[in-house]
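Welcome to a short tour of one protein model, written for a reader who likes geometry. Please take a look at the sequence and the fold before reading on.

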Amino acid sequence: MARASQASRATAKHSITTELATFLSAQPTATAKLLAQHVDDGHGYCRACPLGAQHGHQVWPCTIYAAAARASRPEG
Ligand SMILES: [Zn+2]
């Protein structure tokens, strides 16, 4: 007999940011460190997320900062 797996369908929609936030919410020390490192460099780019020598840096807020910011908020 086949059973409908509703649970796996719901989790498939998780974004990388949500997964990171869930992971980080259990690690406040790591989250604080990430928030301190992944900051605007003054030009709208992340200081800690280089895209490579030819491409400069990732636009801020980057994925990691967004996840850490979400994890640090009580309401998620
Ligand atoms: Zn970053």
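Helices (H or I, at least four residues) and strands (E, at least two) are taken here as DSSP runs and numbered from the N terminus. With that in hand, Pro-61 can be placed in the loop between S2 and H4. Please keep in mind that this is a predicted model.

**Overall layout**

The protein has 4 helices and 2 strands, and along the sequence they follow the pattern α-α-α-β-β-α. Of its 76 residues, 16% count as buried. Among contacts with a separation of 6 or more, 47% link residues 24 or more positions apart.

**How the helices pack on H4**

Two helix pairs deserve a side-by-side look.

| Helix pair | Axis distance | Angle | Handedness |
|---|---|---|---|
| H2 and H4 | within 8 Å | roughly 50° | right-handed |
| H3 and H4 | 9 Å | about 135° | left-handed |

The axes of H2 and H4 cross at roughly 50°, which makes H2 oblique to H4. On the H2 side, the contact is made by Ile-16, Thr-17, Leu-20, Ala-21, Leu-24 and Ser-25, while H4 brings Thr-63, Ile-64, Ala-66, Ala-67, Ala-68, Arg-70 and Ala-71. By class, these residues divide into 9 nonpolar, 3 polar and 1 charged.

Helix H3 (residues 28-37) packs against helix H4 (residues 63-72) at about 135°, and that makes H3 oblique to H4 as well. Here Thr-31, Leu-34 and Leu-35 of H3 meet Ile-64, Tyr-65, Ala-68, Ala-69, Ala-71 and Ser-72 of H4. The contact of H3 with H4 has 7 nonpolar, 2 polar and no charged residues.

**The nonpolar core**

Which residues make up the largest nonpolar core? There are 10 in all: Ala-21, Leu-24, Leu-34, Cys-46, Cys-62, Ile-64, Tyr-65, Ala-67, Ala-68 and Ala-71. Helix H2 (16-25) and H4 each supply at least two of them, and H4 gives the largest share, 5 residues. As background, nonpolar side chains tend to be buried together in soluble globular proteins.

Ala-67 is one member of this core. Leaving aside neighbours within four places in sequence, Ala-67 is in contact with Thr-17, Leu-20, Ala-21 and Leu-24.

**Two residues compared**

Is Ala-71 buried or exposed? Ala-71 lies in helix H4 and is buried, because 23 other C-beta atoms lie within 10 Å and 20 or more are enough for that class. Apart from neighbours within four places in sequence, Ala-71 is in contact with Ala-21, Leu-24, Ser-25 and Thr-31. The C-alpha atoms of Ala-71 and Ala-32 are 9.8 Å apart in space, with their positions 39 residues apart in sequence.

Gly-56 lies in strand S2 (residues 56-59). Gly-56 has 12 other C-beta atoms within 10 Å, and 12 or fewer count as exposed, so Gly-56 is exposed. Again leaving aside neighbours within four places in sequence, Gly-56 is in contact with Tyr-45 and Leu-51. Cys-46 is 10 residues from Gly-56 along the chain, and their C-alpha atoms are separated by 9.6 Å.

**A backbone detail**

One more feature is worth a look in the viewer. Trp-60 and Pro-61 are joined by a cis peptide bond, with omega about 0°.

Key
Residues are numbered from 1 along each chain as its sequence is written. This is a predicted model: local features need pLDDT of at least 70, side-chain atom pairs count only at pLDDT 80 or more; totals for chains, interfaces and linings use all residues. Axes are lines fitted to C-alpha atoms, for helices over the stretch in contact, and angles run from 0 to 180 degrees between N-to-C directions. Angles under 35 degrees count as roughly parallel, over 145 as roughly antiparallel, 65 to 115 as roughly perpendicular and the rest as oblique. A crossing is left-handed if the near helix is turned anticlockwise from the far one by less than a right angle, and right-handed if clockwise. Two residues are in contact if their C-beta atoms, placed from the backbone, lie within 7 Å. Ala, Val, Leu, Ile, Met, Phe, Trp, Tyr, Cys and Pro count as nonpolar, Asp, Glu, Lys and Arg as charged, and the others, Gly among them, as polar. A nonpolar core is a set of buried Ala, Val, Leu, Ile, Met, Phe, Trp, Tyr and Cys residues joined through C-beta atoms within 7 Å.
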